[in-house]
Amino acid sequence: MTHLAPLSRRFFITAGLSAAGGLAIGVALPESVAAFGIDAAPFKPAGDGKAAEVNAWILIEPDDSVIIRVAKSEMGEGILTALPMIVAEELECDWTKVRAEYADAHRNFVESKPYGPMSTGGSGAVRRSREYLQQAGASARARLIAAAAKQWGVAEAECTARDGKVSHAATKRSLGYGVLASAAAKVALAQEPAIKTPDQYRLIGTPQARFDTPHKINGAAKFGIDTRLDGMLYAAVATCPVFGGTVKAVDDSKVKGRRGIKQIVPIPGGVAVVADSFWRAKEAVGDLVITWDEGAGAGTSSDQFRKDYRAALDGPAANAKHLGDPAGVLAKAAKKIDALYEAPHVAHAAMEPLNATVHVQADRLDAWIGTQDPDGALQRAATAAGMKPEQVFIHNCFLGGGFGRRAINDELTQAVIVAKAVGQPVKLVWTREEDMQHDRYRPQAAIRFKAGFGGDGMPVAWDMRTAVGSISRSLGRDPVTSGVEPSAVEGLANVPYAVANLNVDCILKNTHVPVMFWRSVGSSQNAFALESFVDEMAVAAGKDPYEFRRALLAGQPDFLKVLDTLAEKGDWSKKLPAGQGRGIAIHESFGTIVGEIVEVAVSPKGEIKVPRVVAVVDCGHVVNPRTVEMQIESAVIYGLTAALYDEITIKDGRVEQANFDEYQMVRFADAPAIETYLALSGGGKWGGIGEPGTPPIAPALCNAIFAATGKRIRSLPIKNTDLSGRA
């Protein structure tokens, strides 16, 4: 959904010697990190040696090793390897000698963002970084060649760079990058070199093992929650169970004087207990007697929200797209169908609960945290501490899952307030219950479709209307005066199917429940509704769902290539036994088309088994095929979990679910076999991959259940639908 502005090569001009005598190539971006090594301890503080003094993307050490800085956060998506591959492709270095480091948010602030925006989200790490990272690699390669040519007294054009050395074929001489690095740092290029075209790639597109995997396998990888500091205290929190509520009074008589308890600190909407261990802090915060002012949200419920969202569909709306005369044609259509689809609030439920460790000193603040937005975390910590942003140092750690939740670090603000109050380093940790009950959730939504058909059975008019919570309004970022929030109509306003008369309306309707980005954002609920309704249209038209989609996607070769590959790899034409079904769905999000076929078995008791999922991906180009395969598998499991089990329900204004016993995940025993295939269109297309695998899974599953049982599921999660007696 993001459109990238073209970058000028004039951005890529800086070079200099590192303190170690290596070559540091800097890239000035439109919008930088004391670099922390991405090893077992990615949050090593600046000033510990090699990394602290580097202000560039590429550092070449005297031993020919290459360190490439990564300005995005590794939360399991593989960018810690993919982004260095992009640089190394152009640098022509020895890939076995490449390492990665995190870039530094503090440096990014004080040096006017040499690393650009460091936030990670929107499946945009490769899409938004590729060109300038390639240019950084090409620039370094050209300088190394120039340095070698000057030393040998030959023309640069007679020299080549490959596998970490520059060679002169005519004289059979060669020099390693480490030997050339210091001289290369002094080279001023007349113009920046052109980057490679895809047909010239040697590294991009090849399967490579991830840099972070060994540390995560042997347990050495340090996540935020692993942080240990000398003199560190621990904090547990309790915030009002009703969103927006406040504390009226605290009775601490059961806690006061207890061993290990240091202090009780007020925080926005709640209190924190500080102790010499997290266990003591957690026990004590549970023993506080807190009187809450529950605010305006008290008394609300999910049942009422559902009624309100349905009613909103009949009220005023803002238009997101209009083609032809949908109302007029629909009114005259010989055959019409309509359907209402509903999606609940869902939690991010990352495996690592939110946590932050903060040390506030007189003139600086250090924070160790796993964040998707180091720049934003820096600003947030500065505001909470009443300090200048340049006094804040964010030590970004590995993330134990993000899915959008770690783009806003509520726990950091709390940790800063607490650490400042007690005057010692504090690690603040949310319990699983606190994490699940005070998340910022995927918005609830009600989506209604109406379709009219012509004499040939194909749709001639299509009306869509969604009532959904506004993420932007919930975050207080933008009032969305137009009434149409782009994420609210993702997949609807850009529906790929060719229907001449089309209308898409949007109603933004928030409750007191905070909502935010959830993996694949609006496409998650919209694809479920849209692709399920497309199946309904196919049934109404008396056509095969695959063939029906083919007809509506005529003239779109990218979609057809994915769809046809999917039908072939997914055995679409093969029959399944009674009680089993196969469902299909296709959706484009973040510049990538993903089609999925789900096979399902439904027992006479209504028990569901998903033995197989086939996915076909068109993201244009692939950097690391292993990453693509892993991300599709992850997205399928994440989406299956939400489709089958998950909903956050509200009663008396508060979240009813508290832990994984009430918020089920798809377990290993329930995981399907997942096959991933590529149908790449190439060209100038570079789509994202972190999220696009999620949207098609829910509709493909629901369509498979319909094929197996004849039962159409229009409201998630599927666990709420009785499928017994239908196999």
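R107 is buried in this predicted model. Its relative accessible area is 13%. The side chain of R107 meets that of E111 in a salt bridge, with an N to O distance of 3.1 Å. E111 is partly exposed, at 34% relative accessibility. The bridge therefore joins a buried arginine to a partly exposed glutamate. In total, the structure holds 37 salt bridges.

A second bridge pairs E342 with R310 at 2.8 Å, N to O. E342 sits in strand β16 (residues 335–343), whereas R310 belongs to helix α7 (residues 302–312). The two residues are 32 positions apart in sequence, so their contact ties together separate parts of the chain. Burial is uneven across this pair. E342 has 9% relative accessibility and counts as buried. R310 has a relative accessible area of 41% and is partly exposed.

D410 and R440 form a further salt bridge, at 2.7 Å from N to O. This pair also links distant parts of the chain. D410 lies in helix α10 (residues 410–422). R440 lies in the loop between α11 (432–437) and β21 (445–453), 30 residues apart from D410. Both side-chain partners, D410 and R440, are buried. Elsewhere, salt bridges with shared partners join six residues into one network: E89, E92, R162, D163, K196 and R202.

An open sheet of 7 strands shows mixed pairing. Its strand order is β12-β13-β10-β20-β17-β18-β19. The edges are β12 (261–267) and β19 (392–396), each of which pairs on one side only. Neighbouring strands of the sheet are turned against each other by 20° on average, direction ignored. Within the sheet, β10 (residues 233–239) and β20 (residues 426–429) run parallel. They are joined by 3 bridges. L233 stands opposite V426 of β20.

Two helices contact these strands. Helix α9 (residues 374–385) lies across β18 (365–369) and β19, and runs at about 135° to β19. Helix α10 packs on the sheet as well. It touches β10, β12, β13 (270–275), β17 (355–360), β18 and β20. The direction of α10 makes about 35° with that of β17. Helix α10 is also the element that holds D410 of the buried salt bridge.

S524 is found in helix α13 (residues 522–541). At 7% relative accessibility, S524 counts as buried. Its side chain makes a polar contact of 3.5 Å with the side chain of R442. Leaving out residues up to four places away in sequence, S524 touches R442, W518, R519 and P695.

W518 also takes part in aromatic pairing. A pair of aromatic rings is described by two quantities, the distance of the centres and the angle of the planes. The count of such pairs comes to 12. In one of them, W518 and Y638 are 5.0 Å apart, centre to centre, with 35° between the planes. The pair is tilted. W518 lies in the loop between β23 (501–508) and α13, and Y638 in helix α16 (residues 625–644). The rings thus tie together parts that are 120 residues apart in sequence. Both W518 and Y638 are buried. Separately, Y341, F449, W462, Y497, F528 and F533 form one aromatic cluster.

Terms used. Residues numbered from 1 in each chain as written. Predicted model: local features only at pLDDT ≥ 70, side-chain atom pairs only at ≥ 80, totals over all residues. Heavy atoms only, no water. Salt bridge = Lys/Arg side-chain N within 4 Å of Asp/Glu carboxyl O. Buried < 20%, exposed > 50% of the residue type's maximum accessible area, 1.4 Å probe, protein only. Helix = DSSP H or I, 4+ residues; strand = E, 2+ residues; numbered from the N terminus. Pairing = 2+ DSSP bridges. Axes fitted to C-alpha atoms, helices over the stretch in contact; angles between N-to-C directions. Contact = heavy atoms within 4.5 Å. Polar contact = N/O pair within 3.5 Å; in protein donor to acceptor, adjacent residues only side chain to side chain. Phe/Tyr/Trp six-rings, centres within 6.5 Å; stacked < 30°, edge-to-face > 60°.
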